[in-house]
Amino acid sequence: MIRLPSSHAAITAPLVASSTCFPGIPVGKSLLDGRPFNLSPVLTEASILPSTNSLALGGLGSGKSTTGKIRIRREILHHDHQAVVIDSFGEDNTGEWGDLTHSLGGRVIEAGSFTLNPCSSLLPPEVREQLIRSLIAAVEPGALTYQSTHALQHALNHPKATNLNGLVDALVRPEDGRWPAAKLAEWGEGVAIGLSRYTEGSLRGLFDGQDATLPPTDLPILTFDFSRLDRNSPAIPSLMAAVSCWAEHVWLRQSTAIHRHLVLEEAWQILLSPATSELIQRLLKNSRKAGLSLDVLMHTLSDLGDGKARDLARLCEVAHIGRLNPEEAAIVGALLGLPAWAIKEIPNLGPGQAVWKVGPHYVDIIETVRSEEEARLTDTSSRRRQAQGALAEPDLTLVKGAEEEEEEDSNYEDQGQSLPEPLEIEQGDVWDWEMPPNVIDTRHYDAIEAARQGRCNEAADLAALGERQDITAHGINSAEAVSWLSTRAQVADLCGNRDQATQLRATVARIRQDDDRAGQAHDITPALHREPQQPAPTDDDDPTATSLRRLWPAAATIVALSLAIAFVWDNPKGEEEQRQQREERAAAAAYKGKAGAAVTIDGVKAHVVADWSDDRKSVVLALHPYYDMDKNARYLRIDAADKSASDVREEEQFPKDPEIVVPVKDPSAAVTVRVAMAGKDWEEGSRAASRTIRLSPTGVSFDAKTGKQLPSDL
């Protein structure tokens with residue numbers, strides 16, 4: 001049980017220690033007062049929970065997915081609910097929800113083994129058009145214009161348009177309508193090319209099969225498994241758009257269950273995709289009216305950017321937050337309005353433990369309790385435990401048995417905050433310091449494992465976060481900080497960025513050479529790969545040897561300090577020069593030469609891009625609106641370094657993308673850009689709303705006013 005200081009207890013008393021309780025399925029127990037915790041949002045009064053949507057956050061191994069699966073399983077078994085799961089994450093090319101789905105009598109639909117027909121007559125005409133527009137936007141965003149939209153609507157009314165192949169034929173060889181056939185064929189060329197990706201190109205077989213149909217709607221649970229697909233493939237947003245449309249317009253209308261759940265595993269992919277984000281936002285807003293709960297599972301909110309993260313936090317009345325680093329915990333706490341004591345506890349939570357917020361006032365720390373069968377059905381960390389077991393040394397006397405640690409991490413049923421057993425030390429063997437526990441630093445492993453599974457953006461973020469933490473804790477010259485260069489090189493290699501991997505490894509080699517010249521012996525191998533050092537065999541019965549063992553650390557420390565003082569005395573500028581050299585090398589290794597930021601101003605969505613020249617003497621700054629989504633964009637302007645470019649939309653023509661070229665003095669420095677945009681109500685001569693963005697050649701962008709990092713489509 002977690003013990004809080006009295007000041008914290010005073011804050012939590014009216015929230016947790018009161019008689020507050022919720023109806024529904026058992027979830028776990030409170031770690032603040034030990035009471036059982038039950039919750040079924042749909043059974044809770046609307047005055048307490050205006051919506052039934054839930055948000056689950058947490059790092060790798062925190063137990064967020066396990067808790068989500070247990071909740072869905074119990075709602076189906078106890079209350080006959082139905083669930084549709086979009087699962088895009090798993091181990092060994094297998095989704096996380098497969099075992100649970102089969103155990104409940106459901107069905108798993110793997111991408112590529114089932115063909116979904118977006119032209120099906122079971123879909124209302126307006127839904128067919130919206131779904132097909134989403135498919136086009138996923139592969140050819142610029143193809144959707146007013147003219148092409150009319151050509152698409154005309155083709156959808158053709159008798160041949162019962163599947164995608166027939167629709168493409170109707171676009172290429174249209175019949176006369178309000179406009180001549182030749183004009184319609186010209187207008188429809190772009191969307192026909194986009195749809196041909198699904199009928200003849202790399203995405204063939206997903207939407208164009210002869211036996212194309214719609215999924216069943218009467219199963220207790222249906223899981224769409226996208227884990228076999230490449231995370232960067234346009235098939236992901238296309239399939240998600242199709243499944244979301246089917247869920248909204250077919251499943252919800254035909255389902256007879258008392259309540260339904262749409263589960264979004266790794267939801268950041270869905271919420272950042274232009275093809276699906278607006279649809280999911282609409283479902284979130286209308287969920288209670290539709291008898292639907294959206295259960296969103298993801299690692300962090302910062303992946304979404306500030307605007308979408310706030311919208312998601314506002315529309316989810318139930319949130320459970322597992323272990324996060326302090327920086328992410330602060331961001332989540334601010335968005336969800338968590339008290340300071342809860343934010344402080346988030347980084348210290350164990351597997352299966354989470355800070356829960358229910359409605360506007362209830363906050364508690366809950367530990368999920370699961371049965372043996374549920375532990376088997378929800379296990380998603382077998383590969384990670386195998387890797388940790390392979391690194392463990394079974395003959396170390398100061399480490400608990402590997403089997404005990406695996407049991408604690410993998411099955412946290414009724415788990416408390418237990419401490420290791422005290423060491424038994426014979427009389428006379430007194431240590432002058434406390435021996436630290438042997439804790440494996442899994443941050444390097446987490447980044448590399450994410451890259452192996454195709455989650456390259458997440459892997460890069462984990463590596464950057466770990467590097468920043470170690471620089472803050474140990475300094476930029478420390479072995480801990482420099483070791484991240486090797487990890488970043490491996491991540492780049494796994495993600496196919498061979499040039500960056502080679503550059504990073506060259507930097508590591510240069511650092512080793514410089515250390516050798518300076519007489520240093522830093523171990524810059526990532527902590528994941530270090531082998532524990534075994535103590536040399538000694539004669540424990542020899543009192544002289546025992547005395548020497550006690551004295552050698554102090555003697556070694558004195559010698560090391562003497563050498564360090566002598567070196568600094570003789571080389572007062574050497575350390576500073578080495579620090580500058582390492583900072584320059586780190587900056588060179590981080591250089592990407594391109595950065596972007598997705599921004600929304602006055603309802604207009606656009607992407608700001610900075611592209612440094614090969615000689616690094618200039619940078620091209622451009623503003624690219626999402627015309628497929630923001631057809632109301634009327635005014636665009638970009639300013640930087642006394643240069644500016646702008647354009648105004650005239651009649652049916654979209655404004656040109658403003659672009660300027662700015663000289664740079666320091667190629668490693670960020671550039672500051674002012675972006676102004678206005679929608680359809682803007683009048684010439686009026687002032688347009690604007691934002692100031694800083695774009696770094698390392699690929700990172702920030703809001704210059706708030707300092708918050710911005711998402712990017714690059």
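This passage describes a mixed sheet, a helix pair, an enclosed helix and an antiparallel strand group in a predicted model.

The model is predicted, so local features are reported only at pLDDT of at least 70 and side-chain atom pairs only at pLDDT 80 or more, while totals for chains, interfaces and linings use all residues. Residues are numbered from 1 along each chain as its sequence is written, and side-chain values use heavy atoms, with hydrogens and water left out.

We may begin with the sheet. Helices (H or I, at least four residues) and strands (E, at least two) are DSSP runs numbered from the N terminus, and two strands are taken as paired if DSSP finds at least two bridges between them. On these terms, 11 strands make up an open sheet of mixed pairing, in the order β2-β1-β13-β12-β11-β3-β10-β9-β4-β8-β7. The edges are held by β2 (36-38) and β7 (107-110); each has a single partner strand, so one side of each lacks a neighbour in the sheet. From one strand to the next the twist averages 25°, with axes being lines fitted to C-alpha atoms (for helices over the stretch in contact) and angles running from 0 to 180 degrees between N-to-C directions.

Within this sheet, strands β9 (residues 260-265) and β10 (residues 292-298) run parallel and are joined by 6 bridges. Leu264 has Val296 of β10 as its bridge partner. Helix α11 (residues 277-285) packs on the sheet and touches both β9 and β10, its direction making about 130° with that of β10; contact here means heavy atoms within 4.5 Å.

Turning to the helices, α4 (residues 125-139) and α9 (residues 235-254) pack at an angle of about 165°, with their axes 8 Å apart. The two are therefore roughly antiparallel, on a scale where angles under 35 degrees count as roughly parallel, over 145 as roughly antiparallel, 65 to 115 as roughly perpendicular and the rest as oblique. To this contact α4 brings Val127, Gln130, Leu131, Ser134, Leu135 and Ala138, and α9 brings Pro237, Ser238, Ala241, Ala242, Cys245 and His249. These residues divide into 8 nonpolar, 4 polar and no charged; Ala, Val, Leu, Ile, Met, Phe, Trp, Tyr, Cys and Pro count as nonpolar, Asp, Glu, Lys and Arg as charged, and the others, Gly among them, as polar.

Another helix, α19 (residues 443-452), has 8 of its 10 residues buried, so it is largely enclosed by the rest of the structure. Buried means under 20% relative accessible area, exposed over 50%, and partly exposed in between (1.4 Å probe, protein chains only). The buried residues of α19 include His444, Asp446 and Glu449. Just after α19, Gly454 takes a positive phi of about 90°.

Strand β17 (residues 635-640) is likewise largely enclosed by the rest of the structure, because 5 of its 6 residues are buried. It runs antiparallel to β18 (residues 643-648), with 6 bridges between them, and Leu636 finds its partner in Asp647 of β18. A further 5 bridges join β17 to β20 (residues 671-678), again antiparallel; here Tyr635 is partnered by Ala678. The strands β17 and β18 form a hairpin with 2 residues between them. In the turn, Ala641 has a positive phi of about 50° and is exposed, with a relative accessible area of 56%. Asp602, in the loop between β14 (594-601) and β15 (604-612), also has a positive phi, near 55°.
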